[in-house]
Amino acid sequence: MPVKNRFSDLLPEITAWRRDLHENPELLFDTHRTSAIVAEKLESFGCDEIVTGLGRTGVVGVIKGKSDESGKVIGLRADMDALPIHEQTGLDYASKTEGAMHACGHDGHTAMLLGAAKYLSETRNFDGTVVVIFQPAEEGGGGGKEMCDDGMMERFGIQEVYGMHNWPGQPVGSFAIRPGAFFAAADQFDIEIEGKGGHAAKPHETVDSTVVAAQMITALQTIASRNADPVEQVVLSVTSMESSSKAYNVIPQRVHLKGTVRTLNEDIRDLAEKRLTEVAEGVAATMGATAKVTYHRGYPVMVNSDAQTEFAADVAASVAGTCAEAPLVMGGEDFAYMLEERPGAYILVGNGDTAAVHHPEYNFNDDAIPAGCSWWAEIVEQRMPAG
Ligand SMILES: [Zn+2]
Ligand SMILES: [Zn+2]
């Protein structure tokens, strides 16, 4: 069973929605225009219930099937927010907003789920209930968590959740997925090293915070190489080093390090946080300085449930012929919070040979729309078959 014919018919319309969203990107929770468009379209499709303002600017639509013998409720989730990037695609529908751009394809995700909602509202060829979820602030704001914190799962009785992301470098319209840990926990840290500043020609009268920082950066790499089990993944990157002096002849009093830690299971995450603090404080103490470590936990590990992943892969294969095994991704994904609350699965749909996500020349590939929409619709029709 290839893509659904209805989505080939709807392609020009869905593409027009997508390009309008692309032209008008909105950041984090400020998805006011996008959320209004989503709510208005769900209304025009004849959704049974529409709720706005969940997770601040999130929108939820409820679509009931022809029957509800199964009592099943499935959540389908798309993200709506853009990135603070200056677009350099040269497209005629490029961003009209300076410093904001749909560089992760959330314009495409929103348009595809709207397309599926339109089809599902028209056909209702399933036994149960679908909840379409449009979340703000995937790119660092935790909009998915806020929707969960607002009681979304309980309020709509959602039993399973599914999500999708486009993937550059994967053949357009093809699918890839993996069970278990899929996207990494994405944490951040700050380390304030305090030494004793002074004249650069009299180091013996100072505690040189830059030398402490240099030792510390090297020592922190032993968390991955010496503390974590070698078969586990942990990435620790120091991404910024700022000293309190800009002079050639001053040993700075302070150095501020920043960075990120990516892990794929909670034990390794705990270990990385513990060792990061111990190593930073220990190296500083050894050299007569102090280190104040602040560890900020970001999105948790995103874990696909086994049964739902197998089902999602079968559905993808029914749409595209096959479904590949996806690689582990050390990036973070806010859908992790929804998967912590309910079993479900997250899949990648190929965006073809395009610039990578978060690149100023990236663009969502509209050719992926029929496959993406078909996967959504088939998830519903195959999980809750009409009697
Ligand atoms: Zn992104
Ligand atoms: Zn994204």
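In this report, donors are N, O and S atoms within 2.8 Å of the metal (3.2 Å for Na, K and Ca), and sites may look incomplete because water is not among the atoms. The model is predicted, so local features need pLDDT of at least 70 and side-chain atom pairs count only at pLDDT 80 or more, while totals for chains, interfaces and linings use all residues. Side-chain values use heavy atoms, with hydrogens and water left out, residues are numbered from 1 along each chain as its sequence is written, and chains are lettered from A and ligands numbered from 1 in the order in which they are written.

**The zinc ions**

The zinc ion (ligand 1) has as protein donors C104 (SG), E139 (OE), E139 (OE) and H358 (NE2), at 2.0 to 2.8 Å. Along the chain these donors follow the spacing C-x34-E-x218-H. Distant parts of the chain are linked by the pair E139 and H358, 219 residues apart: E139 is in the loop between β4 (129-135) and α4 (143-149), and H358 is in the loop between β16 (344-352) and α11 (369-383). Helices (H or I, at least four residues) and strands (E, at least two) are DSSP runs, numbered from the N terminus.

The angles among the 4 donor atoms of the zinc ion (ligand 1) run from 51 to 147°, and the site is irregular. Four donors count as tetrahedral if all angles lie between 85 and 135 degrees; four count as square planar and six as octahedral if opposite donors are over 155 degrees apart and all others between 65 and 115; anything else is irregular.

For the zinc ion (ligand 2), the protein donors are C104 (SG), H106 (NE2) and H165 (NE2), lying 2.1 to 2.3 Å from the ion. Their spacing in sequence is C-x1-H-x58-H. H106 belongs to helix α3 and H165 to strand β5 (residues 160-168), so this pair ties together parts 59 residues apart in sequence. C104 coordinates both zinc ions, ligand 1 and ligand 2, which are 3.1 Å apart.

**Packing around helix α1**

Helix α1 (residues 5-23) packs with helix α3 (residues 106-123), helix α2 (residues 32-45) and α11. Axes are lines fitted to C-alpha atoms, for helices over the stretch in contact, and angles run from 0 to 180 degrees between N-to-C directions.

| Pair | Axis distance | Angle |
|---|---|---|
| α1 and α3 | within 9 Å | roughly 140° |
| α1 and α2 | within 11 Å | roughly 160° |
| α1 and α11 | 9 Å | about 115° |

Angles under 35 degrees count as roughly parallel, over 145 as roughly antiparallel, 65 to 115 as roughly perpendicular and the rest as oblique. Therefore α1 is oblique to α3, roughly antiparallel to α2 and roughly perpendicular to α11.

Contact means heavy atoms within 4.5 Å. On the α1 side, the residues that meet α3 include F7, I14, W17 and L21, and those of α3 include A111, M112 and Y119. In the contact with α2, W17, D20 and L21 of α1 meet R33, T34, I37, K41 and F45. With α11, the contact is made by F7, L11, I14 and T15 of α1 and I369, P370, C373, S374 and A377 of α11.

Ala, Val, Leu, Ile, Met, Phe, Trp, Tyr, Cys and Pro count as nonpolar, Asp, Glu, Lys and Arg as charged, and the others, Gly among them, as polar. The α1 contact with α3 has 10 nonpolar, 4 polar and 6 charged residues. The contact with α2 has 4 nonpolar, 1 polar and 3 charged residues. The contact with α11 has 7 nonpolar, 2 polar and no charged residues.
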